[in-house]
Amino acid sequence: MSPEQHDTSGERIAIVGAGIIGCALAWALAREGRRVLLIDRAEPATAGASFGNAGHIASEQLEPLPSPAALRTFWRELTLFGGAVDLPLRRWVPLAPWLARFVQAAFHHRRNTPALAALVAPAADTLEAALREIGRPELLVRHGHYALWRGPHAAERAARTTAAAHALGVRTGPAPRELLQAVRARGGTDDDAAGVHYPDSGHVIDPRQLAAALAGAAFQAGAEFRQAEVQELIPLGARIGVRAEGQMVPAAAAVVCAGVQSQPLLARFGVPAPLTAERGYHLEMPDAPPLIDAPVLHANHNIIVTPMQGRLRATSYLEFERHGAPPDPRKIARLCARLHALGYRCATAHAGWVGSRPTLPDYLPGLGRAPGEAPLFYAVGHQHLGLTLAVPSAHVMAALVAGRHPPLDTRPFDLMRFGKVRTARP
Ligand SMILES: Cc1cc2nc3c(=O)[nH]c(=O)nc-3n(C[C@H](O)[C@H](O)[C@H](O)COP(=O)(O)OP(=O)(O)OC[C@H]3O[C@@H](n4cnc5c(N)ncnc54)[C@H](O)[C@@H]3O)c2cc1C
């Protein structure tokens, strides 16, 4: 039976995109008894950023990246100077409007921090509760994570980071001496080492399994999945038509969760989504032993190494490259060389992966409803925090779709903050 024939009640909510954001929302809606159709061109969490992230539930990252300090110091982070940020010259022109908004957002850092913090701070507890509810608590490990520095300024940098965390109300403790000794031993040097423990964060043992578990719980509650490319969303009075591979699927509402590819689906409704692909890479080290059962950020190199089921996963880079462009083999080789220097056994043969963080210029997500009659919603732009924010955002979106008051003020996340799209609304 075709999807059109299925839907006569008009109650179906279509979710476009089965990354971690779409899967968590499918679960949040289905557990409330909603009829959900999750649509993606690929199996859940296999095509986008949600497959390959660092698995870190970063409940300590309360501040959006654009800030006056970031404007002053970002150049030090460029790959040109050995850092992890790659902003190639040929990308400056296409990225100019995004970069201009980034600079503008830097001056709203104080206003934007509490908005992001309200969503991020409870995220690990919220995910823990969700996993208990679906019977998969083992997917989340609550050992916190560690940031480590090496070299003559290590202790000073750890102290500065601790002070900054405390100013935001984030709990920290010193990294244990045994961990610092193990880092020195592995690296084969006796440089100074210092570190900070964040006890309230966490990590997942496999990001793809997490998305699959949430999607699985949604399917158990009656949600359906359709593998198809969505070409467009069409307003049908107080309903929405989802055109996917030649078929029109009517829905009572649609939610766009299509990661970095969300913009064209929203533009028709006058909703701006100035997303850019902030690409990151990972390399995996099968059967490698972790330093400790928690993610370790090697802060001098901006590499995070996370213990995952049967392997370690090392992630790095912030590359402003076109979504879909081939991975840069030099970055994979450099990541591997740095891992070697840190004492990990790494081989580029275990193919590197690249994925696009969907990032809005102010580093706040886009959560809300399109203006006007069309029941079109969006949950996009989760930047470096999509895994962390998937369940909190899903609870917000489930409330918005149901017409209830959301658990927090969603006005800072309204995409209309970027101004109206010029395209005439249908
Ligand atoms: C290297 C790296 C490390 C990261 N580490 C962390 C971390 O440790 N912690 C954290 O919280 N976050 C992390 N992130 C960020 C996080 O992974 C993302 O924010 C998150 O995955 C975004 O999820 P999403 O569902 O919005 O998008 P995606 O996972 O990209 O999913 C979008 C989905 O939409 C589908 N889609 C798009 N357009 C269409 C269409 N027209 N029709 C049908 N389907 C469509 C795609 O196929 C895809 O499956 C990291 C990201 C990267 C790249």
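Among the 33 residues around the ligand, where a residue counts as near if one of its heavy atoms lies within 4 Å, those that come nearest are Asp-40, Ser-50, Gln-383, His-384 and Thr-388. This is a predicted model, in which local features need pLDDT of at least 70, side-chain atom pairs count only at pLDDT 80 or more, and totals for chains, interfaces and linings use all residues. Residues are numbered from 1 along each chain as its sequence is written, and side-chain values use heavy atoms, with hydrogens and water left out.

The table lists polar contacts of the ligand, meaning pairs of N or O atoms within 3.5 Å.

| Ligand atom | Protein partner | Distance |
|---|---|---|
| Nitrogen | His-56, polar backbone atom | 2.8 Å |
| Oxygen | Gly-386, polar backbone atom | 3.0 Å |
| Oxygen | Thr-388, side-chain N or O atom | 2.7 Å |

On its own the ligand has 1,000 Å² of accessible area (Shrake-Rupley method, 1.4 Å probe), and the protein covers 96% of this. At least two residues of the shell come from each of helix 2 (20-30), strand 15 (276-286), strand 19 (353-359) and helix 12 (386-402); helices are DSSP runs of H or I with at least four residues, and strands are runs of E with at least two. By class, the shell holds 13 nonpolar, 16 polar and four charged residues, with Gly counted as polar.

Helix 4 gives the most to the lining of the second largest pocket, namely five residues. This lining is made up of 11 nonpolar, three polar and four charged residues.

Methods. A polar contact is a pair of N or O atoms within 3.5 Å; within protein, one must be able to donate a hydrogen and the other to accept it, and residues adjacent in sequence count only if both atoms are side-chain atoms.
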